[in-house]
Amino acid sequence: MTNKKIAIFVDVQNIYYTCRQAYGRQFNYRKLWQHIGYEGDIVSATAYAIHKGDDGQLKFQDALKHIGFDIKLKPFIQRSDGSAKGDWDVGIAIDVMEAAPEVDTIILLSGDGDFDLLMLKVYQKYGVDTQVYGVPTLTAKSLIDSACKFVEIDEALLL
């Protein structure tokens with residue numbers, strides 16, 4: 001039997017803020033990679049982030065690339081009212097839909113309930129296994145319910 005083909009999609013901002021809010025710690029992408037690697041072959045892994053261009057962020061992006069992630073960046077946009085814009089939801093959705101017919105498992109790291117329909121759709125249309133990784137208290141119930149499997153981000157996946 002061949003190994004399962006796995007595609008990983010990371011909503012970087014969501015994971016950063018939910019881990020920080022719930023645990024005061026950062027997510028461990030290297031541990032994630034090792035953990036998922038036991039389940040099959042990671043054929044694609046994309047991290048969606050906002051580009052501010054500061055040194056810490058560039059080091060973080062280099063570390064992700066070193067692990068094996070492709071990085072997709074959007075510019076950070078500060079609105080005149082002080083709020084910020086930088087949303088990858090549509091980009092993630094398109095990439096997930098394009099990957100779904102090619103893989104056995106789609107893994108999404110996000111707590112954003114906007115992705116619930118996406119998870120349902122790729123499961124119904126392509127029969128792929130869908131997994132969502134999120135901080136339990138900060139992940140939308142609709143997203144948890146839409147995935148075949150919900151994996152709690154806990155101590156084991158933190159730095």
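Helices here are DSSP runs of H or I with at least four residues, strands are runs of E with at least two, and both are numbered from the N terminus. With that numbering, Gly68 falls in the loop between helix 3 and strand 3, the latter covering 70–75. The model on screen is predicted.

**Stop 1: Gly68**

Select Gly68 in its loop between helix 3 and strand 3. Gly68 has a relative accessible area of 36%, so it counts as partly exposed. Now add Arg20 to the selection. Gly68 and Arg20 are 48 residues apart along the chain, and their C-alpha atoms are separated by 23 Å.

**Stop 2: strand 1**

Next, select residues 5–11, which form strand 1. How many of the seven residues of strand 1 are buried? Six are, so strand 1 is largely enclosed by the rest of the structure.

Keep strand 1 and show its partners. Strand 2 pairs with strand 1 in the parallel sense, over seven bridges. Strand 6 also pairs with strand 1 in the parallel sense, here over five bridges. Ala7 is a useful residue to click on: Ser44 of strand 2 stands opposite Ala7, and Ile106 is the bridge partner of Ala7 in strand 6. Ile6 has its own bridge partner in strand 6, namely Thr105.

**Stop 3: strand 6**

Move to residues 105–109, which make up strand 6. Strand 6 is mostly covered, with five of its five residues buried. Turn on the side chains. Which residues of strand 6 point one way and which the other way? Thr105, Ile107 and Leu109 point one way, whereas Ile106 and Leu108 point the other way, and all are buried.

Besides strand 1, strand 6 has strand 7, residues 129–134, as a parallel neighbour, and five bridges join the two. To see the contact, select Leu109 and Tyr133: Tyr133 of strand 7 stands opposite Leu109.

**Stop 4: helix 5 and the crossover to strand 7**

Add helix 5, residues 116–126, to the view. Together with strand 6 and strand 7, helix 5 makes a right-handed β-α-β unit. Within helix 5, pick out Lys121. Its relative accessibility is 44%, so Lys121 counts as partly exposed. From Lys121, draw a distance to Ala100: the two are 21 residues apart in sequence, and 9.9 Å apart from C-alpha to C-alpha.

**Stop 5: strand 7 to strand 8**

Extend the selection to residues 149–152, strand 8. Strand 7 and strand 8 run parallel and are joined by four bridges. Return to Tyr133, whose bridge partner in strand 8 is Val151. Helix 6, residues 141–146, forms a right-handed β-α-β unit with strand 7 and strand 8.

**Stop 6: Asp95**

Select Asp95 in helix 4, which spans residues 89–99. Is Asp95 buried or exposed? Its relative accessible area is 16%, and the cut-off for buried is under 20%, so Asp95 is buried. Arg25 is 70 residues from Asp95 in sequence, with 28 Å between the C-alpha atoms.

**Stop 7: the largest pocket**

Rolling a probe the size of a water molecule over the atoms shows where empty space is left. The largest pocket has a volume of about 370 Å³. Select Val12, Gln13, Tyr16, Gln57 and Phe60, which lie nearest the centre of the largest pocket among its 17 lining residues. Helix 1 (12–23), strand 2 (41–51) and helix 3 (55–67) each supply at least two residues of the lining. Which element gives the largest share of the lining? Helix 1 does, with six residues. Colour the lining by class to find 10 nonpolar, four polar and three charged residues.

**Stop 8: two cysteines**

A disulfide is a covalent bond between the sulfur atoms of two cysteines. The cut-off for counting one is a pair of cysteine sulfur atoms within 2.5 Å, and by this rule the count comes to zero disulfides. Select Cys19 and Cys148 to end the tour. Cys19 has 1% relative accessibility, so it counts as buried. Cys148 has 41% relative accessibility and therefore counts as partly exposed.

Methods. Residues are numbered from 1 along each chain as its sequence is written. This is a predicted model: local features need pLDDT of at least 70, side-chain atom pairs count only at pLDDT 80 or more; totals for chains, interfaces and linings use all residues. Side-chain values use heavy atoms; hydrogens and water are left out. Buried means under 20% relative accessible area, exposed over 50%, partly exposed in between (1.4 Å probe, protein chains only). Two strands pair if DSSP finds at least two bridges between them. A crossover is right-handed if, with the strands pointing away from the viewer, the path from the first strand over the helix to the second runs clockwise. On a 1 Å grid over the protein atoms alone, a cavity is a set of points where a 1.4 Å probe fits but cannot get out, and a pocket is an open set with protein on both sides within 12 Å along at least five of seven lines; lining residues have an atom within 4 Å of a point. Grid points are joined across faces, edges and corners, and a volume is the space filled by probe spheres set on the points. Ala, Val, Leu, Ile, Met, Phe, Trp, Tyr, Cys and Pro count as nonpolar, Asp, Glu, Lys and Arg as charged, and the others, Gly among them, as polar.
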